Amino acid sequence: MNTVKPWYLSKTIWAALVSIAATFGSALGMPVDQAAHEGLVEAILQLVSAGAGAVAILGRMTAHSRIG
């Protein structure tokens with residue numbers, strides 16, 4: 001595994017965060033089944049990816065120097 005990516009694009013990190021949130025939610029009385037858990041991880045990952053792309057485009061549009 002030689003490629004590097006930002007932590008927020010890692011499915012493992014998001015799955016772990018959702019697991020933590022689901023555990024706290026369950027402790028507070030909000031049941032979360034496995035299908036909902038997987039769907040939530042995928043939805044969050046898609047939102048993060050879209051946000052990262054939007055930030056990249058906005059950054060490039062507002063940059064004051066060109067790429068060399």
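User: In this predicted model, what makes the approach of the serine 10 side chain to the backbone nitrogen of isoleucine 13 a polar contact?

Analyst: The side chain of serine 10 reaches the backbone nitrogen of isoleucine 13 at 3.3 Å, and because a polar contact is a pair of N or O atoms within 3.5 Å, one able to donate a hydrogen and the other to accept it, the distance meets the cut-off. Serine 10 itself is found in the segment before α1.

User: Why is serine 10 called buried?

Analyst: Its relative accessible area is 13%, and buried means under 20%, so serine 10 is classed as buried. Across the chain, 13% of the 68 residues count as buried.

User: How do you know whether phenylalanine 24 is buried or exposed?

Analyst: Phenylalanine 24, which lies in helix α1 (residues 11–27), has a relative accessibility of 57%; since exposed means over 50%, phenylalanine 24 counts as exposed. Phenylalanine 24 also helps to make a nonpolar surface patch of about 610 Å², together with Trp7, Tyr8, Ile13, Leu17 and Ile20.

User: What do the radius of gyration and the box say about the chain, set against a compact globule?

Analyst: A compact globule of 68 residues would have a radius of gyration near 11 Å, whereas the chain has 17 Å, and therefore the value does not match that of the globule rule, 2.2 Å times the number of residues to the power 0.38. Along the principal axes, the C-alpha atoms fill a box of roughly 55 × 30 × 15 Å, and the chain has 2 helices and 0 strands.

Terms used: Residues numbered from 1 in each chain as written. Predicted model: local features only at pLDDT ≥ 70, side-chain atom pairs only at ≥ 80, totals over all residues. Heavy atoms only, no water. Patch = residues over 30% accessible without salt bridge, like charges linked within 9 Å, V, L, I, M, F, W, Y side chains within 5 Å. Areas by Shrake-Rupley, 256 points an atom, 1.4 Å probe, with all protein chains shown as cover. Salt bridge = Lys/Arg side-chain N within 4 Å of Asp/Glu carboxyl O. Helix = DSSP H or I, 4+ residues; strand = E, 2+ residues; numbered from the N terminus. Buried < 20%, exposed > 50% of the residue type's maximum accessible area, 1.4 Å probe, protein only.
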